[in-house]
Amino acid sequence: MMVISREHIALSAYLNLLERKGFTKIELRQREVIILKLIPWIESIHCDGNAFRDAVDQLFKNLDKSLWFNYLPVIREFFSFWIDDIKAIVAMNQDNAFGANLIKWKPGDSDLKDLWNSLDRHTLTKLEMQPLDEYEKVLRGNGVEDFVINACKKLAKLLLILLRNAPHKQPVAYRHALDANLTLFSSNEAYKVTLKVGREFYYFWKNGVHVIDSPQPTLAYAA
């Protein structure tokens, strides 16, 4: 009797939901290919977020950087199916994360590295500064050192600038901007820090209340 793995059960559930949402056969196949490339990295690990992130990091080390932007949202969606987190799937569904007809917005093709290097010359609006100021306040309340705060603020500022042209203020737009940011940095340390800041700052961007775990000092942010 053939045993169907946890990964293939999760993949089947994921694709079935997308099909019900109106995704085409081509779109479903594109997502299936991405998850099939991921499966060898996750089929022997513990079913938890840390192990999953480490496995994704290993996959990305063997993946052309130009593919990261397309892979990240699919892998992120698949995670909740892999751990069988029904509440998370329902929440994403309510946020229209799985809508086949969503506006396919992503940050423009401007050179991210040039934008990063010229970030100090960009002025934020009062509305954009509000979540950034709140984020800084929480970081300082947690005793984070100034050089770490400045680096976190710079990463958050880059997100805000990329989001200026987003057609809506929905989680999917924020995730796309964060995914673009992640492709900017080559070192594994910088990648992890960028992801951490993106997760923290999201709640301020959405004007929510979120208590950040005491951040650990972080190292090089060089692109």
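Here is a walk through this structure, from the whole chain down to a few single residues.

Keep in mind that you are looking at a predicted model. Start with the overall build: the protein chain has 10 helices and 0 strands. If you read along the sequence, you just meet one α after another, in the pattern α-α-α-α-α-α-α-α-α-α. The chain has 223 residues, and 44% of them count as buried. Now think about who touches whom. Take the contacts between residues at least 6 apart in sequence: 70% of those join residues at least 24 apart. As for the outside, the accessible surface comes to about 12,600 Å², and carbon and sulfur atoms account for 53% of that.

Next, the inside. The largest nonpolar core has 69 residues. Those with the most contacts inside this core are Y14, I35, L38, F60, I75, F78 and F201. Let's pick Y14 and see what surrounds it. Leaving out residues up to four places away in sequence, Y14 touches R31, I35, V74, E77, F78, F81 and F98. Two of these names, I35 and F78, also appear in the list of residues with the most contacts in the core.

F201, another residue on that list, takes us to helix 10, which covers residues 188–205. Does its length make sense? Helix 10 has 18 residues, so at 1.5 Å a residue it should span 26 Å, and its end C-alpha atoms are 25 Å apart, which agrees. Among the buried residues of helix 10 are A190, Y191, V193, F201, F204 and W205. What covers them? The cover includes helix 3 (49–61), helix 4 (68–82), helix 7 (126–141), helix 8 (146–162) and helix 9 (171–182). Helix 10 is followed by N207, which has a positive phi, near 60 degrees.

Helix 9 is worth a stop of its own. Its 12 residues should span 16 Å at 1.5 Å a residue, and its end C-alpha atoms are indeed 16 Å apart. Because 11 of those 12 residues are buried, helix 9 is largely enclosed by the rest of the structure. The buried ones include P171, Y174, H176, D179 and L182. Their cover includes helix 4, helix 6 (112–117), helix 8 and helix 10. So helices 9 and 10 each appear in the cover of the other.

Now for some rings. A pair of aromatic rings is described by the distance of the centres and the angle of the planes. This structure holds 12 aromatic pairs. One of them is formed by Y174 and W205: the centres are 4.9 Å apart and the planes are at 40 degrees, a tilted pair. This pair links distant parts of the chain, as Y174 is in helix 9 and W205 is in helix 10, 31 residues apart. Both Y174 and W205 are buried. W205 also pairs with Y202: the ring centres are 6.1 Å apart and the planes are at 40 degrees, so this pair is tilted. Here the partners both lie in helix 10, 3 residues apart, which is about one turn of the helix. Put together, Y174, Y202, Y203 and W205 form one aromatic cluster. How buried is W205? Its relative accessible area is 7%.

Helix 4 gives us a residue with a foot in both camps: R76. With 27% relative accessibility, R76 counts as partly exposed. Apart from neighbours within four places in sequence, R76 is in contact with R175 and D179. Just past helix 4, in the loop that leads to helix 5 (86–94), you find D84. Most residues other than glycine have a negative phi. D84 is not a glycine, yet its phi is positive, about 55 degrees. Is D84 buried or exposed? At 58% relative accessible area, D84 is exposed.

Finish in the loop between helix 6 and helix 7, where L119 lies. L119 counts as buried, at 1% relative accessibility. Beyond its neighbours in sequence up to four places away, L119 touches K154, K157, L158 and I161. I161 is 42 residues along the chain from L119, but their C-alpha atoms are separated by 9.1 Å. K154 has another partner too: it lies over the face of W116, at 4.4 Å from the ring centre.

Key. Residues numbered from 1 in each chain as written. Predicted model: local features only at pLDDT ≥ 70, side-chain atom pairs only at ≥ 80, totals over all residues. Heavy atoms only, no water. Core = buried A, V, L, I, M, F, W, Y, C linked by side-chain atoms within 4.5 Å. Buried < 20%, exposed > 50% of the residue type's maximum accessible area, 1.4 Å probe, protein only. Contact = heavy atoms within 4.5 Å. Helix = DSSP H or I, 4+ residues; strand = E, 2+ residues; numbered from the N terminus. Areas by Shrake-Rupley, 256 points an atom, 1.4 Å probe, with all protein chains shown as cover. Expected span 1.5 Å × (residues − 1). Phe/Tyr/Trp six-rings, centres within 6.5 Å; stacked < 30°, edge-to-face > 60°. Lys NZ or Arg CZ within 6 Å of the ring centre and 35° of its normal.
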